[in-house]
2 protein chains.
Amino acid sequence: MKIVILGGGATGMGVAAKIKRLKKDYEVLVLETGNYVSLGACGLPYFVGNEFEDKKMLFARTIEKFNESGIDVILNSKISNINFENKKMLVNSKEIVYDKLVLATGADAFIPKIKGLENIEYHKLTKYEDAEKLKELSNSNNIKNVLIVGAGFIGMELAENLINIGKNVSIVELENQISSRLYDFEISELIKNNLEDNNIKLYLGNSVKEFISKESKILARLNSEEIECDLVVIASGFKPNTESLINSELELSSNNAIIVDKFGKTNIKDVYAGGDCCVIENIITKKYCYSPLATVASKQAKVIANNICDIKSKFNGTIQSSIIKLFDKGVARAGVTENEAKLNNLNIKTVFIKDKDHTHYLKGQKDIYIKLIMNKDDNVIIGGQMYGDKDSILRFYCIATLIWNKTKITESIEQIDLPYSPPFSKTYDIIHIALSKLLV
Amino acid sequence: MKIVILGGGATGMGVAAKIKRLKKDYEVLVLETGNYVSLGACGLPYFVGNEFEDKKMLFARTIEKFNESGIDVILNSKISNINFENKKMLVNSKEIVYDKLVLATGADAFIPKIKGLENIEYHKLTKYEDAEKLKELSNSNNIKNVLIVGAGFIGMELAENLINIGKNVSIVELENQISSRLYDFEISELIKNNLEDNNIKLYLGNSVKEFISKESKILARLNSEEIECDLVVIASGFKPNTESLINSELELSSNNAIIVDKFGKTNIKDVYAGGDCCVIENIITKKYCYSPLATVASKQAKVIANNICDIKSKFNGTIQSSIIKLFDKGVARAGVTENEAKLNNLNIKTVFIKDKDHTHYLKGQKDIYIKLIMNKDDNVIIGGQMYGDKDSILRFYCIATLIWNKTKITESIEQIDLPYSPPFSKTYDIIHIALSKLLV
């Protein structure tokens, strides 16, 4: 049995490693278009910000290690003429056949059309080379002012890391609020205030109309004003790496991500797909969503490998859980926002409250905020967002668990026996208060 | 309607406040034997350890505030001749009648019989006066060596606080391991190593045979050796304050705690009880257990007040969740231990693993340990314990939530969509790994 995997990222290498653990005799070949595999892309902003210097730490495993376990990897692969019917393709002009194909081509930065962008040197942060270049530039004294386009995870994490190494950072964001797809307004406002308190200049509801090269500087003409900077980073989201598949029989979503079923199968026989090149089911809305996150990749990889090795296994979808550290704060979310619930015509009840994270008599007590969204038709909790001190935000694991299990909010759930002691919580945690308000 | 509440602790004042919010016209009288109400007893070890100096912070609300909301409080009450049939009693020799009575008398330190104990000045830590005295002594230079009898929560938290203010601390504990009722051996060992690493001298599987006064010192003769100290604290657990009720018609458990139903009712008409003077149902074993914790008190108080005010409300029991900070570590637990499961003849599968709390490339990555216990007959998770850095331990809220909801461990649960980013977790969290091992 020969398994060919397109893409050496988290999904591809995850599938490869798992198959080799399950079936030693399966031939596993990974075709990677770049010159490395197994990049921990989530670490890139921290690498740029000098949180660590050893680039090897960004790679979960070396190619040698993969080879040792019997996985073949071809770097810098040029793949063409994929023929799903005859199960073959050309790789660096040589024909390669497969029994099962796994598409794990990942995603790259989405680059919006901006006038003048082609005339300036701009950066992105999805590949290792991007980070290496950005790190080098950011650590040069010539670079003082950085403009980031997009206030998503990468944009915000990069902004924090650049502030930490002494840069002036501006973020231009098209939307009026931070990530309305992920957070409701109340939480977005808290994030906005945090970023501004940490000297990040935000231009919300704004966009770059034109970039102009001006000696060694770059001039960005926004809707509202002109700003000058030394470095431009585009962090406007992701697009799945599926260009070469767009005109094939492969079923794609509206953003050209691959549609797969719960078993990781595409619409083409013996072709699987997973990770950032796919859409997955949101278990609340039952709709496909594009959620290019490492957590999804690792779970889909396991499911795909299992199914290829005849172990029935199902990927159960996503609630788009995420957490982000922003300076000394953390923001976590899962499920649907109030806005998304309304767009899906759900009859909802919401609660948004502020409380303290632990007892008042111990040092370091901080504000903590929670928003919950419940479906009023069946009292099932369908969304949650939390903002608070980074050391207190992991209590959100309770909310993610309730949402994942489609928990009906009852008096019993309101009384959930969460562990308490003064350094960690209050006897009646903010979670209890919020749940009780859903029940009123 | 006249409500009389015996006890001005968390339960009693909780019931009083809630009733007054629900029914302004109900007469509410709290009878407290001590000279304060509303003590946050969990703060006492931290008060002793100078984590804060203002004693007012230990009291959730002042008597004046309670009075303002229409709640009467009699301090230093001497209560006698409780007559359940005629609904009356003597308070400071004056007859008081009630329509509904709430027993919220709390608990005091259990003092074991030790030869010579009566001849020395020993201390405990359940009341405010205990803490005030201990704080004064501990902050004196004359006191260098402290001996604590009992390695429960109070014993360990006090030990940490005394170490933090420069004392030499020894703990003598009858059991061979730390709190076998709460933790399995693997976790107890981690706690033991932590305490020892922080210079607490542990005498496990040992006990004080005799205390001897020796000039200004106290000599403690243990099973194994003799140790000299300046201060002795007894922290050997709690006993419910029910002495005056022992020979009444009130149904008590073997440790003389009051037996109540889910509505907070005792076996006597119109007599309710809650908090540290009661036993409650463990939802896993379905047996009564004695779990004198603030979290239980606050929830029972709400249930009792609701039922007194004709709002049907049920206390759903406990999984004996707890968390404790020990220096830079946290320990959390919920449900049953492996040992308790076996004593209950449950057919179980367990997993104990060690992993890292977050990504390797970010600073401060620490070991984290988890133990899970699953009922093999129905695959329901029935117990969990976690030990790790204090800033990473709140992820245990997921485990407490799974246990509280009697969650069946399936592939879907193994794929639980917990939020990830590098400063907080790994893509495949220790919780995922542990759950996956339960499924193998």
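Select Ile370(A) to begin. It is buried, with a relative accessible area of 0%. The model is predicted. Ile370(A) sits in strand E25 of chain A, residues 367-375.

Now show what surrounds Ile370(A). Setting aside neighbours within four places in sequence, Ile370(A) is in contact with Val351(A), Phe352(A) and Ile353(A). The contacts of Ile370(A) also include Gln385(A), Met386(A) and Ile399(A). Ile430(A), Ile431(A) and Ala434(A) complete the list. Draw a distance from Ile370(A) to Ala434(A). The two lie 64 residues apart along the chain, and their C-alpha atoms are separated by 7.3 Å.

Next, select Leu182(A). Look for Leu182(A) in the loop between strand E11 (168-173) and helix H6 (185-197) of chain A. Is this loop residue, Leu182(A), buried or exposed? Leu182(A) has a relative accessible area of 9%, which is under the 20% cut-off, so Leu182(A) is buried. Beyond its neighbours within four places in sequence, Leu182(A) is in contact with Phe153(A), Arg333(A), Thr337(A) and Gln385(A). Gln385(A) was also on the list for Ile370(A). Then pick Val336(A). From Leu182(A) to Val336(A) is 154 residues in sequence and 7.8 Å in space, C-alpha to C-alpha.

Two backbone stops follow. Most residues other than glycine have a negative phi. Select Asn50(A): its phi is positive, about 60°, although it is not a glycine. Asn50(A) belongs to the loop between helix H2 (44-48) and helix H3 (63-68) of chain A. At 25% relative accessibility, Asn50(A) counts as partly exposed.

Switch to chain B and select Phe327(B). Phe327(B) is not a glycine either, and has a positive phi of about 60°. The loop between strand E22 (322-326) and strand E23 (329-335) of chain B holds Phe327(B). What does Phe327(B) count as at 10% relative accessibility? Phe327(B) counts as buried, because the limit is 20%.

Stay in chain B and select helix H1, residues 10-22. How far apart should the ends of these 13 residues be? At 1.5 Å a residue, the helix should span 18 Å. The end C-alpha atoms of H1(B) are 18 Å apart, so the model agrees with the expected span. Colour the buried residues of H1(B): Thr11(B), Gly12(B), Met13(B), Val15(B), Ala16(B), Ala17(B), Lys18(B), Ile19(B) and Lys20(B). These buried residues pack against strands E1 (2-6), E2 (27-31), E3 (71-74) and E7 (100-103) of chain B. They also pack against helix H3 (63-68) and helix H7 of chain B.

Finally, show both chains and the interface. Here 69 residues of chain B are in contact with 68 residues of chain A. The area buried between chain B and chain A is about 6,000 Å², and carbon and sulfur atoms give 61% of that area. Highlight Tyr397(B), Asp417(B) and Phe424(B). These supply 14% of the area that chain B buries against chain A, more than any other three residues.

Turn to the polar side of the interface. Four salt bridges are counted between chain B and chain A. Zoom in on Lys363(A) and Glu51(B), which form a salt bridge with the closest N and O atoms 3.2 Å apart. Across the interface, 36 residue pairs are in polar contact, with both residues at pLDDT 80 or more.

Last, colour the touching side of chain B by class. That side has 30 nonpolar, 25 polar and 14 charged residues. Helix H7 (294-308), strand E22, helix H9 (396-404), helix H10 (411-414) and helix H11 (430-439) of chain B each supply at least two of its residues.

Technical notes:
Residues numbered from 1 in each chain as written. Chains lettered and ligands numbered in written order. Predicted model: local features only at pLDDT ≥ 70, side-chain atom pairs only at ≥ 80, totals over all residues. Heavy atoms only, no water. Contact = heavy atoms within 4.5 Å. Buried area = accessible area lost by both parts, 1.4 Å probe. Salt bridge = Lys/Arg side-chain N within 4 Å of Asp/Glu carboxyl O. Polar contact = N/O pair within 3.5 Å; in protein donor to acceptor, adjacent residues only side chain to side chain. Helix = DSSP H or I, 4+ residues; strand = E, 2+ residues; numbered from the N terminus. Nonpolar A, V, L, I, M, F, W, Y, C, P; charged D, E, K, R; others polar. Expected span 1.5 Å × (residues − 1). Buried < 20%, exposed > 50% of the residue type's maximum accessible area, 1.4 Å probe, protein only.
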